[in-house]
Amino acid sequence: MAKQKIFTMEGLHCALCAQKIEKAVGNMDEVSSASVDFVTKKLSVEASDSKNLLEKINTIADLIEPGIVICESGCQPKQEKKISASKILFVFGITLFACALVLTLPKWLTVLLYISSYLMFGWKVLLTSARNILKGEVFDENFLMSLATVGAIAIAEYPEAVAVMLFYRIGMYFEDLSVEKSRKSITSLMDIKPDFANVRKDGNTIKMSPWEVNVGDIIIVKPGEKIPLDGIVAEGSSAVDMSALTGESAPFDASEGSSVLSGSINKNGLLTIKVTKAYSESTVSKILNLVENASKNKSKTESFITKFAKYYTPFVVFAAAALAVLPPLLISGALFSDWIYRALVFLVVSCPCALVISVPLTFFGGIGGASKQGILVKGSNYLEALTAADTFVFDKTGTLTKGVFRVTKVNAEMGFDEESVLKYAAHAEAYSNHPIAVSIKKAFSGKIDETAIKSHEESAGYGVKVLLEDEKIIAGNDKFLEKERIVFEKYEKIGTIVYIAVNGLFAGSIVVADEVKEDSKQTIKDLRSMGIKKIAMLTGDIKSVGERIAEELGIDDVYTELLPDQKVEKIAEIERLEPTKGKMVFVGDGINDAPVLAGADIGIAMGGVGSDAAIEAADIVLMTDEPYKTVTALKIARKTKTVVWQNIFLALGIKAVVLGLGAAGVANMWEAVFADVGVTIIAVLNSVRTLRPVK
């Protein structure tokens with residue numbers, strides 16, 4: 001049976017090499033699938049048990065990119081010598097190149113200096129290219145640079161050949177630097193992994209790995225430390241910073257009995273916490289797994305760029321060959337040396353590194369930026385799909401409303417006062433645990449005297465009858481009072497109306513409502529302003545309540561009195577009756593809406609902190625109960641895709657211009673190096689913009 005294994009790849013610098021490693025490992029007999037994430041330097045493998053699996057993978061990787069080290073957990077980077085032989089050769093190469101350019105020397109000596117400096121700059125590129133050719137891997141950047149510069153030497157363009165290799169090496173250095181900086185910027189956003197836990201045992205405090213701590217253990221968290229595991233505060237109080245999990249800057253005041261989550265930071269007080277979840281099941285572990293594995297689900301754009309690069313480079317190489325040979329044969333007076341030089345410019349420009357590196361980096365940056373704002377995206381495919389959304393369907397209770405019932409109005413009639421109406425209703429509901437009954441009892445300021453209740457009769461679907469001392473109390477819906485032939489006045493309010501009668505007289509009514517969240521209305525308004533064509537709401541609540549909330553929020557369609565399985569059917573019906581070209585997004589609370597979340601094009605679960613159901617069922621998880629984060633998620637998705645296409649047009653546009661100028665004999669090889677390495681650096685730096693919070 002295949003098992004998933006995650007490996008760390010230390011020394012991975014080449015994006016094209018990452019693709020080759022992924023393909024080669026995936027073709028191994030014992031491997032069913034393989035995925036390399038160039039950004040996080042992770043190799044994910046689905047493979048059957050094999051004693052030599054890691055050794056085989058290392059052999060493959062080292063052949064493709066020499067010096068790479070792969071291991072199962074936290075590779076230690078190789079300690080480089082302060083001054084390597086490569087650096088010494090590079091400095092000598094610059095000295096020799098400068099001498100050849102500046103000094104007046106015999107021609108043979110000048111050529112010798114050029115060739116010597118060229119080899120000092122390019123020996124690694126030439127060696128790698130030769131190795132790859134022997135393995136049948138021809139079309140990569142090493143081969144292109146080798147062919148272009150050797151060709152320049154062949155037509156006696158010595159300064160050009162040396163300069164191109166020099167600036168290529170310098171460009172690659174800055175490219176590696178910018179990629180590594182981008183990696184660190186992205187991964188630092190998820191710097192929530194705890195390093196240790198202070199565990200209290202036998203009166204002593206022992207520093208342990210979070211993995212070694214058991215459920216029920218007592219841990220001590222000092223001010224400034226990360227909370228290593230989920231738990232309940234046993235002693236102490238403190239402000240807890242949960243911004244890394246939820247994106248919310250305001251700290252949470254934790255005290256005895258409060259639930260706290262791993263990955264949070266204890267700000268100012270000493271907390272004693274009883275552990276409720278093992279580290280593997282903790283919130284921080286789930287979040288890290290989600291973000292780190294998000295790159296496995298690649299977007300269509302990423303897949304397209306991978307296929308594009310596969311055919312683009314060979315096409316340019318053959319085009320360069322045609323450019324070198326055909327014009328001199330077909331155009332009178334055309335020189336082979338001129339057209340070969342133009343063809344060499346083609347070769348330098350053709351490497352697709354800018355696309356291969358920047359596109360996945362941009363998507364990962366978008367996912368990392370979203371996680372910083374409390375939005376977990378399970379893959380770049382979902383982030384990209386969200387940009388195509390034109391229909392949003394919301395659950396009501398717990399999503400657009402708070403899911404907490406409270407008494408919003410008390411109406412007193414026939415000489416009764418509001419406190420009396422609440423008293424009678426609270427005693428009538430004394431034995432009920434229904435949310436509406438609980439809200440009425442909570443609103444009553446007095447004490448419920450259960451000894452005064454002489455009898456209690458519940459009528460399912462209607463209400464209750466109670467004998468309180470010698471008073472007959474009826475509490476229920478309008479149908480109940482009509483059934484009991486009591487004259488009363490109906491109320492039209494948003495919420496559930498509980499009518500109260502005492503000894504046959506209408507005493508009044510109580511309005512119990514599930515409050516609309518503060519940002520729900522703004523969420524609907526902003527989604528419309530962003531071009532969302534259709535917004536609907538599903539609810540199990542009664543028609544009048546659902547329609548009034550939909551009207552208050554400005555929602556197009558509302559479907560009421562639905563059971564969870566009926567919500568799935570309704571989603572399918574909406575798609576069938578009102579088909580659109582875009583994607584449908586369903587937003588729910590992630591617990592009782594799991595079937596709908598799984599069935600929609602994109603499922604967004606709200607309030608995902610600590611919710612197993614939310615993380616399992618949804619494609620995107622909002623770590624707070626704010627519906628407005630759906631707007632934020634949409635903005636992040638659109639911004640990410642914009643940056644992706646900026647990089648694509650930037651890379652292809654500049655390459656197309658330089659290719660054209662090169663073919664016309666205007667652009668030289670130095671400009672071609674910029675069109676290759678320089679554009680890659682610009683694209684990588686541009687991709688980092690996805691880390692910035694959206695407004």
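## N-terminal cap and buried face of α13

In this predicted model, Asp417 caps the N-terminal end of α13, with a side-chain oxygen placed 3.2 Å from the backbone nitrogen of Glu419. Helix α13 spans residues 418-428 (helices are DSSP runs of H or I with at least four residues, strands are runs of E with at least two, and both are numbered from the N terminus), and its buried residues are Val421, Leu422, Tyr424, Ala425, Ala426, His427 and Ala428. Buried here denotes under 20% relative accessible area, exposed over 50%, and partly exposed the range in between, with a 1.4 Å probe and protein chains only.

The model is a prediction in which local features need pLDDT of at least 70 and side-chain atom pairs count only at pLDDT 80 or more, whereas totals for chains, interfaces and linings use all residues. Residues are numbered from 1 along each chain as its sequence is written, and side-chain values use heavy atoms, with hydrogens and water left out.

## Salt bridges

A search of the whole structure returns 14 salt bridges, each being a side-chain nitrogen of Lys or Arg within 4 Å of a carboxyl oxygen of Asp or Glu. One of them pairs Asp514 with Lys396, the closest N and O atoms being 3.8 Å apart. This pair links distant parts of the chain, 118 residues apart, with Asp514 in strand β21 (residues 505-516) and Lys396 in the loop between β15 (389-395) and β16 (401-412); both residues are buried.

Asp557 and Lys534 also meet through their side chains, at 2.2 Å from N to O, and this pair joins strand β23 (residues 557-559) to strand β22 (residues 534-538) across 23 residues. Asp557 is partly exposed, with a relative accessible area of 27%, while Lys534 is buried at 8%. Lys402, Arg406, Glu515 and Glu518 are joined into one network by salt bridges that share partners.

## The six-stranded sheet

Six strands form an open antiparallel sheet in the order β16-β21-β20-β19-β18-β17, where two strands count as paired if DSSP finds at least two bridges between them. Because β16 and β17 (453-459) stand at the edges with a single partner strand each, one side of each is left without a neighbour in the sheet. On average, neighbouring strands of this sheet are turned by 20° against each other, direction ignored; the axes are lines fitted to C-alpha atoms, for helices over the stretch in contact, and angles run from 0 to 180 degrees between N-to-C directions.

At the β17 edge, six bridges join this strand to the antiparallel strand β18 (residues 463-468), and Glu457 stands opposite Lys465 in β18.

Note on methods: A polar contact is a pair of N or O atoms within 3.5 Å; within protein, one must be able to donate a hydrogen and the other to accept it, and residues adjacent in sequence count only if both atoms are side-chain atoms.
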